[in-house]
Amino acid sequence: MKYLSILLLFISGSLSAQSVNLSGTVKDSIGRPLELANIIATVKSTGAMENYAITNTEGRYQFNLPAGETYTLAGSFLGLAPSIQELVIPADADDMKLDFVLLPAENQLDDVELVYEMPVVVRGDTIAYNTDSFTNGTEQKLGDVLKKLPGIEVNDDGEIEVEGKRVTKIMVEGKDFFDGDSKLATKNIPADALKKVEVLRNFNEVDQMRGLGNDQDNVAINIKLKEGKKNFWFGEVQGGLGTGEKTRYLGSTKLFYYNPKGSVNLIGNTNNTGDVPFTFRDYFNFTGGFRNFNQRGGTSFNISDSGLGFLVTQNNRANDIETNFGAANFSYAPSEAWDLSGFAIFSDNQTDFIQRSLRQYIQTAATEVNSETSDQRNQLGMVKFSSVYKPNTRLQLDYDVLAKKSNQNENTDALSIFTDGNGTVNNPITEDKDNEPFSLNQNLNAYYTLDENNIFAAYAQHLYQDEDPFYKAILQVQPFGNILPLDENQDAFNVNQDKQIKTNKLDAKVDYYYVINDKSNLNLSLGTTLSRQDFNSAIFQILDSGLVNDDMAFDDADLKNDVTYSFADVFFGAHYKFKTGIFTVTPGLTLHNYNVKSEQLGTSSSDNKTLLLPDVYAVAQLKSSESFRFNYQMTADYTDVNNFAEGYVFNNYNRLFRGNRNIENAIFHDVSLNYLNFNMFNFTNINAGLNYTKRIDAIKNTTLIQQINQVSSPMNSNFVDESFSANGRFQKTFRKIKANLSGNLSYSTLNNILNAANRVSENFTQNYSGSLETNFKTAPNLEVGYNRSINNYENGNISSRFYTDRPFANLEYNFWNGFTLSADFSYYNYYDDNDTVRNEYSFLEASLFYRKPDSHWEFRLDGSNLLNVDSLNNDNFNETFSNTTEYFVQPRILLASITYNL
């Protein structure tokens, strides 16, 4: 961090020494300062833009201009006529001042034209970026462009953040682009098709609802295309071959069509180079645009994944990955009042994992070294259809349906070597996991404005879900001999488990808004959540003969589940939103009546409870782009059937779990405070946040451990769990240099029951990052940075601290009129306090491509893992063990490809 600060000061000083600072004010004809007015400076001889500025609340602007030139300066503001002035800056000039006075416009069409010429225009809640003002020609996709826009961040997974808030909706020309995900947009929309990027803050899709609730955290992005990309197909087709221990291949298609009536987007990809367009994690995180419409209602009841804990890639890397992916998205407007849209996505990923792990068990002091090889295949598909009908400004009807289906299987061969006070035991293990879950989610919403003071909204959402995970483990060492009645006269113990969970869940709510005046409104809500789940499972043994062990003990209630679980929540809520001065406050109360029932083991149980849950949301708007946001919410946390089913189920070869029908809800208290400052005057973006969570009667697992075998069951903890987190990010642009600083801290105190004794664990994680990056039009562009993460785990008599130091550098260079070189380098130094774990490795990725100006053809040479790194490391921690894992990754891959751009 210290060296980055010194480098930043050096660069800033160098730039200042070669330029003149120009400052001044922009006012209207009666002398009032104009906030968010635009000043643009172009070189008179060439017409090229040199710099620009946006005025602050006092109408002031400032920027630097190279000396020894003559400039044309234009000041503009929507609704006023632009002011044009010429300025000569001598080579030996000192800092200069220039003021602008803008008169009423005679023709506002000229103002609209200027909007598109300015690099940035702020208009209410919309920030419009002219992309050509920030790009240098090396950008390939939308994500590359967004990273260069002030106030916008794109992480390695393609997720977008604006002013610290996650973007959940991407639109192109106002039409949804695969609603519910931003990765498909950032990784596929071509950069050269973009004209403008519009950031829509305080976003709400329903006109009648804007301003009634709290939309401050809702951010969407709308992409404006260049004129030549409308009413024509555009995109690219790519094919490539390469080498990397075997023949590598790539085939990719990205085609787009937009006109005022509709749009079509087609994306396809097949490769074995490790590039996964749609991961297993993406599939489960993909919402399809469905939202929790009662987020502030005070109830947390989520249908959990009843799968088997399939492996996921580390940093999108594994030993080998083959991918087939296809996606289609459409929108069509049959009339001005009716919009239809939808998408279909299919992904087929085959992944090979090779990994070694070291586990230290806290209670028994046993250690386990595990070496395993896994073959995994995930076939994932989803289809969505949406309809929006708006016959007039008073009524809107929405309908959505989303179907998701997947076929997942994973086969693992492992050798577990565990050591404790009794010696060392070798246990070869084979595991098979299969699951074919299906879900159908439907949503129907209606919005009606009776008059300017009375607005109604009704919501209904239904979820049907069917899961059938199957598990098999073949072991040499008998697992859970005191629980499972296994036949010991076998070459190996072949243990199997069938499980099926069916879910029907209905959420419904009616909102009434009474608009008192332009500064306050009252919101009354009446709604319900109704859920029924049927859970069946059985554990059985396959003998060496292939027959099923017919020991009657397998029919014992402890080894089977036949459970019906129902959850009902009926609630009435009231929220009052009012504005006074700089403050907007929304306090609320929600009255809930909960009813939980379960039927199993021939008996039934129920629990009925009434709770009054408060919440408060407040905003202090210091300036138009600077605010504090406070949030408090009391939440009743309820679990689903997985924690109620009292028969044993396998989670892993050495982990059994059984539910508890007597558990009750937990109470969470969540408090957060966030600060946001996006200053276009000095090109500074700051966001910071504090969060505190207190969990009372938390649903925790009580675990019995013998050697490395664990049996867990949920219970309501008598101890309070607490967690605290803090984060901050600072971004500032100095002409062509952008500085980034960020930090994240998280501390938690958790109570766990191990072998009937309470054990307190403390986790403290830290992550710090800093970087400098340039954005020159012609010169090479470089980003250099440093990242450090520290993970500290304290649990019982085991204390572990792991460090990862990662300096990194990225290069982009245009040369020889058509060639572009890009390279990404990261060095990892992973170690612990005691120097018992250490791994140093570096990843280098590079691309060289050539595209002659105005040509449709592009020729590429890509290299991944050029330093041929074998493996990378990760550590994690839970209440029973600490774990350090080494993951083996794909070798060096070289790929040559040809792309045709439409």
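**Charges over rings**

I began with Arg317, and I noted that the charged end of this residue sits over the ring of Phe843, 3.7 Å from the ring centre. I keep in mind throughout these entries that the model is a predicted one. I then looked up a second case, and I found that Arg658 lies over the face of Tyr648, at 4.4 Å from the centre of that ring.

**Aromatic pairs**

I turned next to rings beside rings, and I recorded that the structure holds 36 aromatic pairs. One of the pairs I looked up is that of Tyr129 and Phe134, which is edge-to-face, with 6.0 Å from centre to centre and 75 degrees between the planes. I also checked the accessibility of these two residues, and both Tyr129 and Phe134 are buried.

Another pair I entered is formed by Tyr594 and Tyr638, and it is tilted, with 4.6 Å from centre to centre and 35 degrees between the planes. This pair links distant parts of the chain, for Tyr594 belongs to strand S33 (residues 583-600) and Tyr638 to strand S35 (residues 626-638), 44 residues apart. I noted that Tyr594 is buried, and that Tyr638 is buried as well.

I also came upon a group of rings, in which Phe177, Phe178, Phe234, Phe256 and Phe343 form one aromatic cluster.

**A nonpolar patch on the surface**

I then went to the surface, where I found a nonpolar patch with about 830 Å² of accessible area together, made by Ile582, Phe583, Leu622, Phe628, Phe630, Leu673, Leu690, Tyr692, Phe724 and Tyr747. I asked myself which strands each supply at least two residues of the patch, and I wrote down S35 and strand S39 (684-696).

I followed one member of the patch, Ile582, to its place in the chain, and I found this residue in the loop between strand S32 (560-580) and S33. Is Ile582 buried, partly exposed or exposed? I entered Ile582 as partly exposed, because its relative accessibility is 38%, which falls between the limits of 20% and 50%.

**A sheet of three strands**

My last entry concerns an open sheet, in which three strands follow one another in the order S11-S12-S13 with antiparallel pairing. Strand S11 (152-154) and strand S13 (165-166) stand at the edges and have a single partner strand each, so one side of each is left without a neighbour in the sheet. I looked more carefully at strand S12 (residues 160-162), which runs antiparallel to S13 and is joined to S13 by two bridges. For Val162 I noted the bridge partner in S13, which is Lys165.

Methods
Residues numbered from 1 in each chain as written. Predicted model: local features only at pLDDT ≥ 70, side-chain atom pairs only at ≥ 80, totals over all residues. Heavy atoms only, no water. Pairing = 2+ DSSP bridges. Helix = DSSP H or I, 4+ residues; strand = E, 2+ residues; numbered from the N terminus. Phe/Tyr/Trp six-rings, centres within 6.5 Å; stacked < 30°, edge-to-face > 60°. Buried < 20%, exposed > 50% of the residue type's maximum accessible area, 1.4 Å probe, protein only. Lys NZ or Arg CZ within 6 Å of the ring centre and 35° of its normal. Patch = residues over 30% accessible without salt bridge, like charges linked within 9 Å, V, L, I, M, F, W, Y side chains within 5 Å. Areas by Shrake-Rupley, 256 points an atom, 1.4 Å probe, with all protein chains shown as cover. Salt bridge = Lys/Arg side-chain N within 4 Å of Asp/Glu carboxyl O.
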